[in-house]
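Here is a walk through one protein chain, written to be read with the model open beside it. We'll start from a single residue and work outwards.

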Amino acid sequence: MLTFLRCAPRLSALFCLLALAACGRTEQAAAPPRAPPVTITALVWAPDWPQEMHQVAAAFSRAHPDIKVDLQFMIGNSVEENLKPKVAANQLPDLVSVNPNAYAAGLADQGMLVDVGHSAAWDNMLEVLKPDWTSREKKRFGVAGGVAATLIYYNKALFRQAGVERLPANFDEFLALCERLKRAGITPLMFDAGFPNMLGNGPFSFGFANNVAAGRRAGARR
């Protein structure tokens with residue numbers, strides 16, 4: 001009996017500790033309620049490859065289960081035609097397709113497009129493309145989805161007439177060739193009415209630019 005009384009204070013303290021520990025386990029087991037997924041809206045220009053865009057959105061959602069993508073597609077003749085009414089109503093989606101032109105750059109300088117210069121996508125873009133996506137106020141307003149080279153057919157007889165012996169190997173040489181043709185009285189370049197998606201701006205040119213032109217540039221850097 002004496003032994004029990006001597007131990008009683010210790011037993012009481014032990015029971016209190018066990019009770020507190022049990023309470024702690026109960027609180028830890030109750031997981032906080034899961035927040036509903038965040039939805040981002042994406043308005044994209046993809047008249048020829050909507051299925052691929054759905055696959056990209058689905059892959060993103062799999063990698064980020066807490067984010068849902070509401071994918072919408074632009075219609076009509078141009079990206080700008082879709083953006084202008086939304087800009088006027090201040091209802092731009094979270095993610096939009098833009099072109100590397102003065103209109104999009106102006107939106108960036110007005111604060112309507114986020115500067116993406118600190119993103120991994122910007123870092124992974126070819127350096128030669130970055131100036132096209134940088135506004136006058138140095139806002140980096142977009143990321144190229146890839147590179148494409150428009151197919152250009154040329155008249156060998158007219159080239160011989162202008163004294164052209166070698167085809168251009170880069171854009172600077174292409175511009176110089178155009179000037180040379182102009183001096184010879186020849187119109188250097190003509191676009192047909194095949195907008196928005198002519199063969200020259202389609203799968204072949206995309207594949208050529210990415211698998212040949214970009215590959216050679218990467219090889220030169222190595």
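Which residues does Ser-135 touch, not counting residues up to four places away in sequence? Ser-135 is in contact with Ala-105, Asp-109 and Phe-141. This is a predicted model, so read everything below as computed from it. Ser-135 sits in the loop between helix H5 (120–124) and helix H6 (156–161), and with a relative accessible area of 4% it is buried.

**The overall layout**

Zooming out, the protein chain has eight helices and three strands. Their order from the N terminus is α-β-α-β-α-β-α-α-α-α-α. Of the 222 residues, 22% count as buried. The chain exposes about 16,400 Å², and carbon and sulfur atoms supply 59% of that area. As for contacts between residues at least 6 apart in sequence, 52% of them join residues at least 24 apart.

**The cores**

The largest nonpolar core has 18 residues, and those touching the most other members are Met-74, Leu-83, Val-96, Val-98, Leu-113, Trp-133 and Phe-141. Helices H3 and H4 (102–109) each supply at least two residues of this core, and H4 gives the most, with four.

Trp-133 is worth a closer look. Leaving out residues up to four places away in sequence, it touches Val-98, Asn-99, Pro-100, Trp-122, Met-125, Lys-139, Arg-140, Phe-141, Gly-142, Val-143 and Ala-144. There's also a second, separate core of six residues, with Phe-159, Ala-162, Leu-177 and Leu-181 among them.

**Helix H3 and its odd glutamate**

Now for H3. Its buried residues are Val-79, Glu-80, Asn-82, Leu-83 and Val-87. Viewed down the helix axis, these fall within an arc of 155°, so they line one face of H3. The face turned away from the buried side carries the exposed residues Pro-85 and Ala-88. On the buried side, the cover includes strand S3 (95–96) and H4.

Glu-80 stands out in that list as a charged residue. It lies in H3, which spans residues 79–88. How far away is the nearest side chain of opposite charge to Glu-80? That side chain is Lys-84, at 7.1 Å, and Glu-80 is buried with no salt bridge. Setting aside neighbours within four places in sequence, Glu-80 is in contact with Asn-99, Asn-101 and Tyr-103.

Ser-97 links back to this helix. You'll find Ser-97 in the loop between S3 and H4, and at 19% relative accessibility it counts as buried. Beyond residues up to four places away, Ser-97 touches Leu-43, Val-44, Trp-45, Met-74, Val-79 and Leu-83. Its C-alpha atom is 7.0 Å from that of Val-79, although the two residues are 18 apart along the chain.

**Two positive phi angles**

Two residues other than glycine are worth checking in the backbone. Asn-90, in the loop between H3 and S3, has a positive phi near 55°. Lys-138, in the loop between H5 and H6, has a positive phi near 65°. Asn-90 counts as exposed at 63% relative accessibility, and Lys-138 is exposed too, at 62%.

**Salt bridges**

Side chains of opposite charge can pair when their charged atoms come close. The structure holds four salt bridges, and the table lists three of them, with the N to O distance for each.

| Residue | Partner | N to O distance |
|---|---|---|
| Asp-115 | Arg-140 | 3.1 Å |
| Arg-166 | Glu-173 | 3.5 Å |
| Glu-179 | Lys-182 | 3.6 Å |

What does the bridge between Asp-115 and Arg-140 tie together? Asp-115 is in the loop between H4 and H5 and Arg-140 in the loop between H5 and H6, so the pair joins parts that are 25 residues apart in sequence. Asp-115 is partly exposed at 27% relative accessibility, and Arg-140 is partly exposed at 22%. Arg-140 is also one of the residues that Trp-133 touches.

For the Arg-166 and Glu-173 pair, Arg-166 is exposed at 58% relative accessibility, whereas Glu-173 is partly exposed at 27%.

The Glu-179 and Lys-182 pair stays inside one element: both residues lie in helix H7 (residues 171–183), three residues apart, about one turn of the helix. Glu-179 is partly exposed, with a relative accessible area of 40%, and Lys-182 is partly exposed at 48%.

Definitions and conventions. Residues numbered from 1 in each chain as written. Predicted model: local features only at pLDDT ≥ 70, side-chain atom pairs only at ≥ 80, totals over all residues. Heavy atoms only, no water. Buried < 20%, exposed > 50% of the residue type's maximum accessible area, 1.4 Å probe, protein only. Contact = heavy atoms within 4.5 Å. Areas by Shrake-Rupley, 256 points an atom, 1.4 Å probe, with all protein chains shown as cover. Lys, Arg positive; Asp, Glu negative; His and termini not counted. Core = buried A, V, L, I, M, F, W, Y, C linked by side-chain atoms within 4.5 Å. Arc of directions from axis to C-beta.
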